[in-house]
Amino acid sequence: MDPTFTLIGALMLVFSIVLSPLSSRVGMPVLLVFLGVGMLMGEDGPGGIEFDDVELAVIIASLALAVILLDGGMRTRAETFRVGLKPALLLATVGVAMTAVGAAIVAWWVFDLHWLMALLIGAIISSTDAAAVFSLLQGRGLHLNERVSATLEIESGSNDPMAIFLTLMLVTLISEHQDGAIASGLLMLLQQFGIGAPAGLLGGYLIVALVNRIHLTPALYPLLVAAAGLAVFAATNAVGGSGFLAIYLSGVVIGNRQVKMMPLILQVHDGLAWLAQLCLFLILGLLVTPSELVPLLGSGLILAFALIFVIRPVTVMATLWPFGFNRREIGFISWVGLRGAVPIVLALFPVLADLPDAKLVFHAAFFIVLVSLLVQGTTMAPLARKLKLEVPASEAPFRRFPLDVPATGDHELMLFPLRGKSWNKPKKISLLRLPEHTAVAGIFRDRECLQPHPDLEVSTGDVLALFATPVGVTELSKVLSTREAPKHLAERTFFGDFVLNGDALLGDVEQVYGIELKEMPSELTLAKCFDLRTKGHPVVGDIVTIGPVSLVARAIEADRVTKVGLKMES
């Protein structure tokens, strides 16, 4: 191998990583930075690298997407399925098909293509991108309400099989002119879902069993999970299923089971997912020829804006209206139909099949992704805040270290730095309301480790080291919170000054607070009020306004509101 290519590749990675902080300062999606570096190093840029190996690009892109989906699956909580599964699956199937048809109509008009090629463009750009959506949300520190975040997460992780099915079916139909291509395409769809889903679930359980039963050096556990996940991906593809769906579901199973060394696995996989995104977008940036995008400027913008402002909103409203989403939530989900790497990768299939106008299809898909990242990606966070879809979030430990010793059970060592105004006044350790099965291991102050004792006071600048179980992380994070929340997300501002039980009656609220709530019967419980407004799937942050009172869902257990914040309108 020529060492020059190795040097150039390494420098591209370094340059992309060094430039990544710039994205948050100017509100630009970091994925756009990676694409830009790839384009600058390409044949039209100062780098002048001529890269046109489509087969190699497809292999690298597929593996990168698999790694990204495995990481995303492991961070998906099974509890989110109660509110997001049904609407997300409808968006990922019917929604993708509707988007493909709508985009095809516009593409047929603006590009003057045969209707099958127009349908192919529609299919290629029909799916949203999990990596793009959540790298932007997490990078902006947004914590959306569970109904919105769960729907976006599950949709973007599961809509690839439908887009792949439509793309492959149309490529086959165009290239081979087979009369039975539609029937074989439907069979392919059944295979993609019918094999991919069970293979992913089975693979996930087998990976969990393997990791928990084998004893390895800690550093090898994340690599074992990555290698096993890719094995599930490849094996599923080999038997005709959707490898992307399989590896995503394997990740979901792994992330929701008790797995040895899980914090370390997640930490390493976070880095692997970023490396995969870097390689993926750099390769795709190298493939494109920017000068060939210029002739598409007018027609490409028409298609991109039609997709953003018409097709996606119509699709979302048509599929989500039965599930209790309010207008603000539907508006935001409509806007976050972000396109990323998947459409560009799918656009390589017509090039591999040597279809007519294949280059036009590829550059059109690339252009759509660029516009989506620029328009939707830069405005996503401000829009979420404008629509008041954020909810207060507890802060996670600064570091978590698994204890790979049988006697410790599932205890971990967690570090919490104490910062912020709430810790300016020293507090005794004995007065900290720590959850059960939690013990203070030590206090670090001015580079020294102090022995904990009940009368020792802690304050800003100290770092607490604790032994705790994963189930206590949420409660610990609240007790040791170090983040100064924005004013509108402070607990009293967001939830109100009063906390009530979900089984309290509206009549009781009327008597205690001396108000009249005529809009609903007084014998209703507060929890029932939320059920009626949300069609049985409430989430933290839901608001029910009754006369002069706003009820805010504060805690949820199994689709039932257990704690309610009460705010009196001034």
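Let's start with disulfides: a search of the whole structure turns up zero of them, where a disulfide is a pair of cysteine sulfur atoms within 2.5 Å. For reference, a disulfide is a covalent bond between the sulfur atoms of two cysteines. Two cysteines to look at on the model: Cys279 is partly exposed, with a relative accessible area of 28%, while Cys449 is exposed, at 53%. The cut-offs there are under 20% for buried, over 50% for exposed and partly exposed in between, with a 1.4 Å probe and protein chains only.

A word on where this comes from. This is a predicted model, so local features need pLDDT of at least 70 and side-chain atom pairs count only at pLDDT 80 or more, while totals for chains, interfaces and linings use all residues. Residues are numbered from 1 along each chain as its sequence is written, and side-chain values use heavy atoms, with hydrogens and water left out.

Okay, helices. Helix H3, residues 54-74, has 21 residues and reaches 30 Å from first C-alpha to last, close to the 30 Å expected at 1.5 Å a residue. That expected span is 1.5 Å times one less than the number of residues. Helices here are DSSP runs of H or I with at least four residues, strands are runs of E with at least two, and both are numbered from the N terminus. Of the 21 residues in H3, 15 are buried, so this helix is largely enclosed by the rest of the structure.

Next is H10, residues 220-238: 19 residues, reaching 27 Å, close to the 27 Å expected. Its buried residues include Tyr221, Leu224, Val225, Ala228, Val232 and Phe233. After H10 comes Gly240, with a positive phi near 90°.

Now to Ile308, in helix H13, residues 297-320. Is Ile308 buried or exposed? It's buried, with a relative accessible area of 4%. Not counting residues up to four places away in sequence, Ile308 touches Pro313, Trp335, Val371, Val375 and Gln376, with contact meaning heavy atoms within 4.5 Å.

Ile308 also helps line a cavity. There are three cavities of 30 Å³ or more, and the second largest has a volume of about 60 Å³. Its lining is Ala304, Leu307, Ile308, Arg312, Gly337, Arg339, Ile368, Ser372 and Gln376. H13 and H17 are the elements that give two or more residues to that lining, and H13 has the largest share, with four.

How do we define these? On a 1 Å grid over the protein atoms alone, a cavity is a set of points where a 1.4 Å probe fits but cannot get out, and a pocket is an open set with protein on both sides within 12 Å along at least five of seven lines; lining residues have an atom within 4 Å of a point. Grid points are joined across faces, edges and corners, and volume is the space filled by probe spheres set on the points.

On to the second largest pocket, at about 680 Å³. It's lined by 29 residues, and Arg328, Lys388, Gly541, Asp542 and Ile543 lie nearest its centre. Elements supplying at least two lining residues each include H14, H17, H21 and strands S9 and S10.

Last one: Thr545, in strand S9. Thr545 is partly exposed, at 41%. Leaving aside neighbours within four places in sequence, Thr545 is in contact with Arg533 and Ser550. The C-alpha atoms of Thr545 and Leu282 are 263 residues apart along the chain and separated by 49 Å.
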